[in-house]
Amino acid sequence: MKIHLAIITKDDSELPKLKKAVASVRKHVDGVFVTSTGQDTDAIISYCKKNDIHHSYYKWDDNFGAVRNFNFEQAKDCDYILWIDSDDIFIGGEYLRDIAQTALDARKDLVFFTYWYGCAFNGEPSPETLVAVDMQHPRERLIRPEATSGKVDCTKLQCRTTVMSSIPM
């Protein structure tokens with residue numbers, strides 16, 4: 001079972017959040033693929049080189065789907081791509097491989113995780129300081145690479161893993 005993490009980030013201003021996002025799931029994936037879209041990316045490139053993270057650049061053209069597809073193309077040599085935003089914290093990574101294997105065995109192309117918005121924290125955002133969640137809904141976050149360009153089985157597969165946004169609302 002091979003799982004790659006795919007993340008899009010704008011520029012160096014997002015590096016502190018990107019580092020937290022990567023750290024929240026790094027030990028549970030086999031590779032990390034970051035695509036930046038902004039002009040000032042030297043610090044991101046340096047961070048990626050120092051941490052054995054694959055970096056690519058896509059010039060922003062107001063088409064998020066095109067950037068996402070490009071990012072997925074970089075990460076596609078795997079069984080599943082886990083994608084999160086550069087300001088997300090991934091919770092429950094210890095279940096990721098079991099969930100991916102269950103999905104693969106069930107021939108599922110997508111796995112939906114519970115996504116939290118508007119999280120309130122008592123201190124620095126972390127699972128331990130989480131106080132409240134304003135809104136939550138299922139969101140596709142684990143996807144078979146071949147499903148990014150063809151027919152997708154969108155059947156929901158229940159899981160115990162949660163992705164939460166660390167952006168204060």
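**Figure 1. Asp52 in its loop, an unusual backbone angle.** In this predicted model, Asp52 is found in the loop between helix 2 and strand 3, a strand made of residues 54-57. Take a look at the backbone here: Asp52 has a positive phi of about 55 degrees, even though Asp52 is not a glycine. That is worth a second glance because most residues other than glycine have a negative phi. Is Asp52 buried or exposed? With a relative accessibility of 62%, Asp52 counts as exposed, because the cut-off for that word is over 50%.

**Figure 2. Asp62, another aspartate with a positive phi.** Move along the chain to the loop between strand 3 and helix 3 (64-75), and you will meet Asp62. Asp62 is not a glycine, yet its phi is positive, at about 65 degrees. How does Asp62 sit with respect to the surface, buried or exposed? Asp62 counts as exposed, since its relative accessibility is 68%.

**Figure 3. Strand 4 and its two partners.** Strand 4 covers residues 80-83. Follow the side chains along this strand: Tyr80 and Leu82 point one way, while Ile81 and Trp83 point the other way. This fits a general pattern, because in a regular strand the side chains alternate between the two faces of the sheet. All four of these residues in strand 4 are buried. Now look at the partners. Strand 1 (residues 3-9) runs parallel to strand 4, and 4 bridges join the two. Ile3 stands opposite Tyr80 in this pairing. Strand 7 (residues 130-143) is antiparallel to strand 4, and 2 bridges join them. Here, Leu82 has Leu142 of strand 7 as its bridge partner.

**Figure 4. Leucines in the largest nonpolar core.** Which residues touch the most other members of the largest nonpolar core? They are Leu82, Leu96 and Leu142, in a core of 26 residues. Several elements give two or more residues to this core: strand 1, helix 1 (15-23), strand 2 (31-36), helix 2 (42-50), strand 4, helix 4 (96-105) and strand 6 (110-121). A second, separate core holds 11 residues, including Phe72, Phe112, Ile143 and Ala147.

**Figure 5. Leu96 and the residues around it.** What does Leu96 contact, once its neighbours within four places in sequence are left aside? The contacts of Leu96 are Ile3, Val25, His28, Val29, Leu82, Phe90, Phe113 and Leu142. You have already met two of these names, as Leu82 and Leu142 join Leu96 in touching the most other members of the largest nonpolar core.

**Figure 6. Two buried cysteines and no disulfide.** A disulfide is a covalent bond between the sulfur atoms of two cysteines. How many disulfides are counted here? The count comes to 0. Cys48 is buried, with a relative accessible area of 1%. Cys119 also counts as buried, at 4% relative accessibility.

**Figure 7. The largest pocket and its lining.** The space in the largest pocket comes to about 160 Å³. Which residues line this pocket? They are Ile8, Thr9, Lys10, Glu14, Thr37, Trp60, Phe64, Arg68, Asp85 and Ser86. Strand 1 and helix 3 each supply at least two residues of this lining.

**Figure 8. Lys10, a lining residue with contacts across the sequence.** Lys10 is one of the residues lining the largest pocket. Lys10 lies in the loop between strand 1 and helix 1, and it counts as partly exposed at 47% relative accessibility. Lys10 and Gln39 are 29 residues apart in sequence, but their C-alpha atoms are 8.3 Å apart in space. Not counting its neighbours within four places in sequence, Lys10 is in contact with Ser36, Thr37, Gly38 and Thr41.

**Figure 9. Asp30 and the start of the chain.** Where is Asp30? Asp30 is placed in the loop between helix 1 and strand 2. At 42% relative accessibility, Asp30 counts as partly exposed. Asp30 and Lys2 are 28 residues apart in sequence, with 6.1 Å between their C-alpha atoms. Leaving out residues up to four places away in sequence, Asp30 touches Met1, Lys2, Ile3, His4 and Arg97.

Technical notes
Residues numbered from 1 in each chain as written. Predicted model: local features only at pLDDT ≥ 70, side-chain atom pairs only at ≥ 80, totals over all residues. Heavy atoms only, no water. Buried < 20%, exposed > 50% of the residue type's maximum accessible area, 1.4 Å probe, protein only. Helix = DSSP H or I, 4+ residues; strand = E, 2+ residues; numbered from the N terminus. Pairing = 2+ DSSP bridges. Core = buried A, V, L, I, M, F, W, Y, C linked by side-chain atoms within 4.5 Å. Contact = heavy atoms within 4.5 Å. Disulfide = S-S within 2.5 Å. 1 Å grid on protein atoms, 1.4 Å probe; cavity = no way out; pocket = protein on both sides within 12 Å on 5 of 7 lines; lining within 4 Å. Points joined across faces, edges and corners; volume = space filled by probe spheres on them.
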